[in-house]
Amino acid sequence: MKGIFIVLEGPDGSGKSTVIKHIRKYLEDRGIDVVETREPGGTAIGESIRRILLDNRNKTMLPETEALLLAAARGQHVKEKILPAIESGKVVLCDRFVLSSLAYQGVGRDLGIEEVRIINDFAIKGIRPDLTLFFDVEPETTLHRKTQDKGGDRLETEGIEFHRKVYDGYLKIIRDCTERIVVIDATRTKKEVISQSIESIENFIKGRLL
Ligand code: TYD
């Protein structure tokens, strides 16, 4: 059977990177083969591109450069890792995907949602997540926490106006979107966020087996 492609999305510091580990364990404990991965990154080339993107010394990077580097890393990721895993029947859990670029570069950087969609379509040739979990929490709540902890990378240290734009962008794209996206209330306790996420995935898998 064909595998399942699940993506976790949300603002910086929304907790998805912690929750993904719990989802993975939950699925593996049930004998399901899981590939956990992330963007930007997921492959050796993608991780090299990630370092360039997040490097605080690259303050002069143009929005176009940023969007193209992200799409390049994503293309590599899809062909080298995501598609082969799905074709061999695995569940792929991916921390961020195209929706991040639409919100951060399309809206946050003002490049335009459709323009960013076009370069991503070129890079990834039509693959879409089967299910996306959006970790919904306002950036004012999370960003402070993140940048206080460890200073923050090039994107995290963008001002709150940028992250507010990204968050509003996410909400707009989700509203207009035809893909299957479940909104998770990420203001709840970690335990509740994990169980909401697992429940959504279980419902999706059950629906597919019917
Ligand atoms: P991520 O590793 O998810 O950071 P965190 O775990 O701290 O939330 O993503 C790194 C940064 O890259 C994050 O600020 C979001 C940004 N990003 C984009 O701007 N566009 C994209 O397409 C992706 C995948 C990430």
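Here is a short chat between a student and a tutor about backbone oddities and cysteines in this structure.

Student: What kind of model is this?

Tutor: Local features here need pLDDT of at least 70, side-chain atom pairs count only at pLDDT 80 or more, and totals for chains, interfaces and linings use all residues, as this is a predicted model. Residues are numbered from 1 along each chain as its sequence is written, and side-chain values use heavy atoms, with hydrogens and water left out.

Student: Which residues does the cis peptide bond join, and where does Pro40 sit?

Tutor: Most peptide bonds are trans. The cis one, with omega at about -10°, joins Glu39 and Pro40. Helices (H or I, at least four residues) and strands (E, at least two) are DSSP runs, numbered from the N terminus. On that basis, Pro40 falls in the loop between strand S2 (34-38) and helix H2 (44-54).

Student: Is Arg96, with its positive phi, buried or exposed?

Tutor: Most residues other than glycine have a negative phi. Arg96 is not a glycine, yet its phi is about 80°, and its place is the loop between strand S3 (91-95) and helix H4 (98-108). Buried means under 20% relative accessible area, exposed over 50%, and partly exposed in between (1.4 Å probe, protein chains only). Arg96 has 11% relative accessibility, so Arg96 counts as buried.

Student: And Lys125: buried or exposed?

Tutor: Lys125 also isn't a glycine, and it has a positive phi of about 50°. You'll find Lys125 in the loop between helix H5 (113-124) and strand S4 (131-136). Its relative accessible area is 57%, so Lys125 is exposed.

Student: How many disulfides are there?

Tutor: A disulfide is a pair of cysteine sulfur atoms within 2.5 Å. The closest cysteine sulfur to that of Cys94 is in Cys177, and it is 16 Å away, so that's too far for a bond. Cys177 is in no disulfide either, with the sulfur of Cys94 as its nearest. The count by this rule is 0.

Student: What are the relative accessibilities of Cys94 and Cys177?

Tutor: Cys94 is buried, with a relative accessible area of 0%. Cys177 counts as partly exposed, and its value is 26%.

Student: How far apart in space are Ile45 and Ile205?

Tutor: Start with Ile45, which is found in helix H2 and is partly exposed at a relative accessible area of 46%. In sequence, Ile45 and Ile205 are 160 residues apart. In space, C-alpha to C-alpha, the distance between Ile45 and Ile205 is 32 Å.
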